[in-house]
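The following exercises concern backbone angles and aromatic ring pairs in a predicted model. Please work through each task before reading its solution.

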Amino acid sequence: MIKNQTLEELSERVMTIEEAAEYLKIKKGTLQNWLSQEKFGFKKVKLASKTFVDRDQVEAFLSEALEAWLRRLVWKLAIDQAGLNFLPGTVTFELVHMNE
């Protein structure tokens with residue numbers, strides 16, 4: 001975090017574990033596990049007995065997850081539109097509806 005930020009600016013930039021979990025639509029325990037395992041680049045800040053995370057990191061994670069989901073959706077729609085039957089994890093494509 002930037003040293004010259006005011007306390008008010010910093011308080012707007014961090015969120016509690018509870019707030020972050022609610023924002024991400026996951027359980028608090030899941031987020032706590034991610035933090036202890038340092039998954040997804042989340043960093044925690046402890047102040048007294050409270051744990052906080054950086055709002056910018058949470059929003060970046062959510063944005064990246066949404067983009068990945070949309071890419072998969074577009075890929076699936078393109079495959080469906082082309083009339084292909086694709087099984088993830090394989091390299092087999094099967095044409096369907098060829099005689100329609």
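**Exercise 1.** Locate Phe-40 in the chain and describe its backbone and its exposure.

*Solution.* Phe-40 sits in the loop that runs between helix 3 (28-36) and strand 2 (44-47). Most residues other than glycine have a negative phi. Phe-40, although not a glycine, has a positive phi of about 60°. Its relative accessible area is 48%, so Phe-40 is partly exposed, since that class lies between 20% and 50%.

**Exercise 2.** Determine whether Ala-48 is buried or exposed, and state where it is found.

*Solution.* Ala-48 belongs to the loop between strand 2 and strand 3 (50-54). Its phi is positive, about 55°, although Ala-48 is not a glycine. With a relative accessible area of 84%, Ala-48 is exposed, the cut-off being over 50%.

**Exercise 3.** Classify the ring pairs that Phe-40 forms with Trp-34 and with Phe-61.

*Solution.* A search of the whole structure gives five aromatic pairs. One of them joins Trp-34 and Phe-40, with 4.7 Å centre to centre and 70° between the planes; angles over 60 degrees count as edge-to-face, so this pair is edge-to-face. For Phe-40 and Phe-61, the centres are 5.0 Å apart and the planes stand at 55°, so the pair is tilted. This second pair links distant parts of the chain, because Phe-61 lies in helix 4 (residues 55-81), 21 residues apart from Phe-40 in its loop. Trp-34 is buried at 15% relative accessibility, and Phe-61 is buried at 16%. Finally, ring pairs link Trp-34, Phe-40, Phe-42 and Phe-61 into a cluster.

Note on methods. Residues numbered from 1 in each chain as written. Predicted model: local features only at pLDDT ≥ 70, side-chain atom pairs only at ≥ 80, totals over all residues. Heavy atoms only, no water. Helix = DSSP H or I, 4+ residues; strand = E, 2+ residues; numbered from the N terminus. Buried < 20%, exposed > 50% of the residue type's maximum accessible area, 1.4 Å probe, protein only. Phe/Tyr/Trp six-rings, centres within 6.5 Å; stacked < 30°, edge-to-face > 60°.
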